[in-house]
Amino acid sequence: MLAEISDLIHRSAVFLPGDPARSGRIALWQADGPGTDTRPWAGAGSFEELTVVTPDLRRTTVRALVLTMDEALPALTRARARAETAADGGSAAFWGAAALLALRFAARGKLLPGLSPAGHDAWRIGPLEAADLHEVRALAAAMPPTARCVPLDPEGPPDPEGPPRLPAAEPLLRAFLDAVADTLPRSPAATAAAGGPAFAARPPEHRPDLRDWAAEVAAGHDAGVRISLRIELTAEPGRAPEAAGTAGARPPAGTAGATAVSEASEATAAAGTPEAPGGFRAVLQMHSPADAALVADAADVWAGSGAAAAAFPPGARLDALRALRRAARLWPPLAPLLGAAVPDAVELADEEVTELLGEAAAALAADGVQVHWPRGLVRGLTARAVVATPSPRRPGSPDPQDAAGSALPSGLLSPGALLSFSWRHALGDRGDLTPAELDRLAEANRPLVRLRDQWVLIDPAEARRARALQDRTVAAADALAAVLTGSAEIDGERVDVEASGAVERLRALLTGDTPEADDETAAPPGLRATLRDYQLRGLRWLARMTSLGLGACLADDMGLGKTVTLIALHLHRNRPGAATAGPTLVVCPASLLGNWEREIEKFAPGTPVRRFHGPARGLAGLTPGTGEFVLTTYGTMRLDAPALAATDWGLVVADEAQHVKNPRSATARALRTVPARARVALTGTPVENDLSELWAVLDWTTPGILGRPGTFRTRYAEPVESGRDPQAAARLSALVRPFLLRRKKSDPGIAPELPPKTETDHAVSLTGEQTALYEAVVRETLAAIAEADGMERRGLVVKLLTSLKQICNHPAHYLGAGDGGTTGGSRSGKLELLDELLDTITAEGGSVLVFTQYVTMARLIERHLSARGIASQLLHGGTPVARREELVDRFQAGEVPVFLLSLKAAGTGLNLTRAGHVVHFDRWWNPAVEEQATDRAYRIGQTQPVQVHRIIAEGTVEDRIARLLERKRALADAVLTGGESALTELTDAELAELVALRPAAGSAR
């Protein structure tokens, strides 16, 4: 394709207009002169003999490749991109630039329906504003002569032997833009959207019966005269004309649209006269179809004299009436103009002016009718909420907490604490309104009120709503979330929020916007370790958050030292001379109990530590002043939550907090019942699948900070995961950032001493036995799925995917232990490759971790390796805690070279730096889980390069999933976020495509 594009930009390219516009075509021939170019381009188009006009105004015949608009658009846009680095872009690059311009117009909705000169339905580009017209004319001025070598010039002399002429650039470009516009919307979906075949079907529709309708559509847009409304203030009844200024004055014809606003209104506003003017009127203005910046009053055009008449064509009045008729349907107060001899102006009632401040103006603008208000008016109120500690005051009065240096009140963020939302309203840049001024606006009950020597244009209902707003109290977590994001949704509207006094000091502390946030907390004296810079920053952050009574989530990558940082935090909170923080409860997976105990004894010798686990567990002798560590498992915590909840914990730590990512689980609910002065979550993967897991973790550490689950899902998760609202992602980032600290091994300066990590995907072929099983299962299960629905169908899909992955591992894995066959590598391409890898690794004296998500497969591998004389050991979810610790010690000591591990049971918390190789025997649906497992070896303390091997059955569902993981390893990918449950929602055709067995490259199958 690149070669074809390179060839394209060295050809001459011209646009051949058609009727309808979509029948236009692009012709290409050799740029170095006429020739017999017979090479097809990308298999598209057809060849024709064309007589063209050369840039030096000679006729010549060429053999040209002619492409339809459908065929040409992708080619031209690629040619334009390619030409950006080419020495000569040529005419093809010019038409590529024109195609991109047309696409930008279409993306902005600049498409109008109408009829072609021959009466065919046709879309065209429009309406175009002054800036759009300037861009079109600038591009037309850059059109190279080779782009205008059109075979027939409609404006040329009738004598074929007369001197040829190149067509004008701008009409030719506009015809091309319309051709793109007429090509893009025509699809089966457009047929349904349009409610019929017109303007959607590809075959031309000859509809001369729509000529009047098309003319009315064109009126008011760039194909005809556009109209607008200028709102003027009129004098009060009985008031002297000179006091009212020159309210009836009109701008001269030919002035720019900006000057169409009444200067007289400005004079009236500055006169400092009565509190309200007499009334309003809307003056009809007309904009020239040749130049949107040329504007005149309709009365002047109807008079037919002076410069105004010369600026508008003979049919301008009819076009203006058509546009006015459309506008009157949208806003009935314009109807009297249709019956007037001269549609010059219409008097407006207060209610009609109020309508123009809202939906009426929006409806008119959507139809191309702009409303221009007098200059000097202040339009509408701006509102913002100020969050402070509760105080009895009215909007606009000083906040008693605004004094600089005010201390954070005790209990500011305690459960049940309330903060106040104080409303402040402003007019333009004139500062906040006082309560009396707000009352005055509301009581005037008119859209125009005199205030602070200015006319204020405001919807009376808006003024009444502003006055009705009272200070309200909200939960401290909700208020804190509002000031961190800078906005809040209140009564269905998003308003700006700022903090005041003590709340502002808290915001600055959390976001680091104050020198107080840069504390100099040092490593505690009792810590027997040298903290790295990033670990010391983590300690300071945790110390600051917990001292404020806030929770935190330390989400550093696995192996970056979250455990030692937490131990340092415990020692800091219980240091000599500090207020005693009390005991720390650590809740972790059973496999990590021994690791925590060893780490505490190593880094904080002498610190009391006990296990609350096993039949003899108890809390006797535990007092708030001991500064003791208590270690327990999630399972034990769930069973003994009442006993743990009865203790006054200084700190509760949830290690591998992804274990409570489901807030409705019994474990998560039990953990929420254990009170503490502060809570810290430790996890290397704060989001494994979707953002609801982030909500679960942070709502435990700092309850309420992310709102209720449904609100969080609607306000943040769905817009962020779908990618449709970047602002929602920015707000969520601002809200989460103070409560979650995330560092990765790849971040600059975090772990520069880590050795390199190499990742390799090994594609293996299925054996004949695996192939037969795979195809049989696909065929039989898809047939059953086609007949099922609901939960039964979902269950069958999950069963299909599981069966196929088992077949890809080994036939014996799918058939079960009683299949009667051997477990040898000759039956499985994966096991055969594993044998080769292990032979090489063990021969070099290396050690390896082999992960599989199936315990059954791990046992099968264990038996197979035993038969081959290779020492191995297996750790899975059912391995007792003491046995786990023994297995880890044996592997780290080099006694066993091959460690088989269940992915979920051993994918977190273990320190297995003896391994220089990690093998993923089968793929998990989420790469984050695999990365956690890899981090058992690739972590601080690792001194040898780590090689990661992923074994993939080629041509199978595993292969397709592997490609998905490579293309999209981000949160919003539907397959990855939902795992197998998301795949259950695929259609039958999509599912068949996913699981179909494809022959490997070079296979004879």
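Gln535 lies in helix H19, which spans residues 533-547. The structure is a predicted model, and its protein chain contains 38 helices and 32 strands. Of the 1005 residues in this chain, 52% are buried. The points below begin with Gln535 and then turn to two groups of strands, the cysteines, the chain as a whole and the confidence of the prediction.

**Gln535 and its surroundings**

- Gln535 has a relative accessible area of 6%; because this value is under the 20% cut-off, the residue counts as buried.
- Leaving aside residues up to four places away in sequence, Gln535 touches Thr530, Leu560, Gly561, Val564, Thr565 and Arg743.

**The seven-stranded parallel sheet**

- An open sheet is formed by 7 strands in the order E22-E23-E21-E24-E25-E20-E26, and their pairing is parallel.
- The edges are held by strand E22 (609-611) and strand E26 (740-741); each has a single partner strand, so one side of each is left without a neighbour in the sheet.
- Helix H25, covering residues 691-701, packs on this sheet and is in contact with E20, strand E24 (651-655), strand E25 (679-682) and E26.
- The direction of H25 makes about 150 degrees with that of E25.
- Strand E20 (residues 552-554) runs parallel to E26, and 2 bridges join them.
- Within this pair, Leu554 is placed opposite Leu741 of E26.

**Strand E28 and its partners**

- Strand E28 comprises residues 848-852, and 5 of its 5 residues are buried.
- Side chains in a regular strand alternate between the two faces of the sheet.
- In E28, one side carries Val848, Val850 and Thr852, while the other carries Leu849 and Phe851; these residues are all buried, and both faces of the strand are thus covered.
- E28 pairs with strand E30 (residues 898-902) in the parallel sense, over 5 bridges.
- Thr852 of this strand stands opposite Ser902 in E30.
- E28 also runs parallel to strand E31 (residues 917-920), to which 4 bridges join it.
- In the pairing with E31, Val848 faces His917.

**Cysteines**

- A disulfide is a covalent bond between the sulfur atoms of two cysteines.
- The search of the whole structure finds 0 disulfides.
- Cys553 is buried, with a relative accessible area of 1%.
- Cys588 is likewise buried, and its relative accessible area is 0%.

**The chain as a whole**

- Among contacts in the protein chain with a separation of 6 or more, 71% are between residues 24 or more positions apart.
- The accessible surface of the protein chain comes to about 42,500 Å², and carbon and sulfur atoms account for 53% of it.

**Confidence of the prediction**

- The average pLDDT of the protein chain is 75, and 72% of the residues score at least 70.
- Residues 33-42 have a pLDDT below 50; this stretch nevertheless has 23 contacts in the model beyond near neighbours in sequence.
- Residues 84-88 also have a pLDDT below 50, and this stretch has 2 contacts in the model beyond near neighbours in sequence.
- Where pLDDT is low, the predicted coordinates should not be read in detail.

Methods: Residues are numbered from 1 along each chain as its sequence is written. This is a predicted model: local features need pLDDT of at least 70, side-chain atom pairs count only at pLDDT 80 or more; totals for chains, interfaces and linings use all residues. Side-chain values use heavy atoms; hydrogens and water are left out. Buried means under 20% relative accessible area, exposed over 50%, partly exposed in between (1.4 Å probe, protein chains only). Contact means heavy atoms within 4.5 Å. Two strands pair if DSSP finds at least two bridges between them. Axes are lines fitted to C-alpha atoms, for helices over the stretch in contact, and angles run from 0 to 180 degrees between N-to-C directions. Accessible areas come from the Shrake-Rupley method with a 1.4 Å probe; for residues, only the protein chains shown count as cover. A disulfide is a pair of cysteine sulfur atoms within 2.5 Å. pLDDT is the predictor's confidence in each residue, from 0 to 100.
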